[in-house]
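Me: Let's go through the ligand site and the empty space in this one. Put the structure up first, please.

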Amino acid sequence: MKLIFERSRPGRRAGSLPRYDLPKAEVPEELRRRTPPRLPELSEPELVRHFTALADRNFGVDTGFYPLGSCTMKHNPRVNERVVALPGFRDLHPYQEEEASQGALELMWRLQEILAEICGLDAVSLQPAAGSQGELTGLMLMRAYFADRGEAEQRRVVITADTAHGTNPASVAMAGFELQKVETDERGNLDLDDLRAKVDERTAGLMLTNPSTLGLFDEHIEEVAAIFHDAGALLYYDGANLNAVCGISRPGDMGFDIVHINLHKTFSQPHGGGGPGGGPIAVRDVLEPFLPVPAVVREGDAFRLDFDRPQTIGKVRGFGGPFGVFVRSYAYIRAYGPGLREMSEAAVLNANYLLARLKEDYELPFDRLCMHEFVLSARNLKREHGISALDVAKRLMDHGFHPPTIYFPLIVPEALMIEPTETEPKETLDAFVDAMRAIAAEAASDPQAIKDAPHRRPVRRLDEVKAAKRAIVKYGFDEHPDLGREPSAGEAIEAQKGA
Ligand SMILES: Cc1ncc(COP(=O)(O)O)c(C=O)c1O
């Protein structure tokens, strides 16, 4: 496929601006451009085709089944987009005075109240823009809490599970705490003996996701909470897996003090590739004074932003947070209403259905009922036929499915982490099972076909590390000066290097 610069022809335009009738601005000579910017020049149909072709090469939840474990890639209802595009929301300026933005403030306040109820906690800040930022904010709250008690120097250690999402240890380090890992036992729970040996007066808290990244609900969660509270430490709940438990069990009731919620996953947003996201945090009342400012508060029938919080950790994001994300999530939650638990029940049912149908062909490291996702291992295929989790993932693309998350959590070799979500019908789940079984059978009959996969996608196997670490996002004009000329096939390939 040609790059947009290679399609460019001098003088072509996709639109035209009206002639202006304003006086010419006085731009000092030394600040004026000497040459026009080197922008691609295309007609509108060429432009539309270019971006449509790019979109066609992509894969998303609107293209097909996307069981990417830990990412909750559910359908994004279109009504959310209608609501967020209402002029009152869409055209709102962040500096709009409070009297003229009462509807938006009310929506934020109501969302805060709903999330506090879902989490079983007392107060919410909507500010963080992602789960990982919610984590950092939550840990900063922990620090502020212990500083207020004169224990900041003493409480230096935060404990995470060996199944933790990578953002957990990263957030611990960024917040200036020391990291300690606790092991998982043979049933997939936190190893209580290991935990007891590690929790002491230096412990600031635990960071845990429950259900864990193995898709398992910890069978001793109340005991875990007691171990930390007895030591005067706090409990942080990574709520990225909240899709499994909404309306069924609440982190606050389990004993957690701080929770982040991934709005973009649990409550539907078109996310991926870095955004947009929302990572609100909910906290127990003792932590409320430290929450970021401004808080959205209600006074009678009016709503306002409250900056007057002397113990606040400050702002963690511009303005009130990612407002469009709030509107979509609010619409999603309200569409379920009091029946929100059906969302989680269907997510858990779908995951268990897949697990039951796949556990004959793939290894199941923890043979228990799962929550909203589960982790298989391709270890049997690797041992018997040399087929890895990566090979399975690539071959699935030929069957029209997005691969599951692979090689995570780290404690499961050749991990395939599958999260179907609640928005998939049985036929899709069955088709996915058929594909996974066909791949397991093919591993025995024709392993090379799997190793060479994908066969039917626009690109084959890429050097993904290089693509991520050495992304070249600037067109190499100097290497390709003659943009007006049709490039030869060889040049087109070369051009990719400069793009
Ligand atoms: C368990 C878990 N924790 C934290 C995060 C981080 O959330 P975000 O990607 O919004 O920063 C994720 C993201 O997938 C996750 O799965």
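Me: Which element gives the most to the shell around the ligand?
Reply: H6 does, with three residues. Helices here are DSSP runs of H or I with at least four residues, strands are E runs of at least two, and both are numbered from the N terminus.

Me: Before we go on, what kind of model is this, and what are the ground rules?
Reply: This is a predicted model, in which local features need pLDDT of at least 70, side-chain atom pairs count only at pLDDT 80 or more, and totals for chains, interfaces and linings use all residues. Residues are numbered from 1 along each chain as its sequence is written, and side-chain values use heavy atoms, with hydrogens and water left out.

Me: ok, which residues are around the ligand?
Reply: Ser70, Ala130, Gly131, Ser132, Glu135, His165, Thr167, Asp238, Ala240, Asn262, His264 and Lys265. A residue is near the ligand if one of its heavy atoms lies within 4 Å of it.

Me: How do those divide by class?
Reply: Two are nonpolar, seven polar and three charged. Ala, Val, Leu, Ile, Met, Phe, Trp, Tyr, Cys and Pro count as nonpolar, Asp, Glu, Lys and Arg as charged, and the others, Gly among them, as polar.

Me: How far is a ligand oxygen from the side chain of Lys265?
Reply: An oxygen atom of the ligand is 2.5 Å from an N or O atom in the Lys265 side chain. For Ser70 the corresponding distance is 2.6 Å, and for Ser132 it is 2.7 Å. A polar contact is a pair of N or O atoms within 3.5 Å.

Me: And how much of the ligand does the protein cover?
Reply: 87% of the 390 Å² of accessible area that the ligand has on its own, by the Shrake-Rupley method with a 1.4 Å probe.

Me: Which pocket does the ligand sit in?
Reply: The second largest. To sit there, more than half of its atoms must lie within 2 Å of the pocket's grid points. Helix H6 (131-148) and helix H11 (263-266) are the elements that give two or more residues to the shell around the ligand.

Me: How much space is in that pocket?
Reply: About 540 Å³ lies in the second largest pocket. Of its 28 lining residues, Cys71, Asn262, His264, Lys265 and His271 are the closest to its centre. The lining has eight nonpolar, 17 polar and three charged residues. A pocket is an open set of points on a 1 Å grid over the protein atoms alone, with protein on both sides within 12 Å along at least five of seven lines, and lining residues have an atom within 4 Å of a point.

Me: What about the largest pocket, how much space is there?
Reply: About 1,800 Å³. It is lined by 42 residues, and Val459, Leu462, Asp463, Glu464 and Ala467 lie nearest its centre. H15 gives the most to that lining, with four residues. By class, the lining has 26 nonpolar, five polar and 11 charged residues.

Me: Switching to closed space: how many cavities of 30 Å³ or more are there?
Reply: Four, from a search of the whole structure. A cavity is a set of points where a 1.4 Å probe fits but cannot get out. The largest has a volume of about 80 Å³, and the second largest about 60 Å³.

Me: Which classes line the second largest cavity?
Reply: Seven nonpolar, four polar and no charged residues. Among the lining residues are Met108, Val124, Pro294 and Leu305.

How values were computed
Polar contact = N/O pair within 3.5 Å; in protein donor to acceptor, adjacent residues only side chain to side chain. Points joined across faces, edges and corners; volume = space filled by probe spheres on them.
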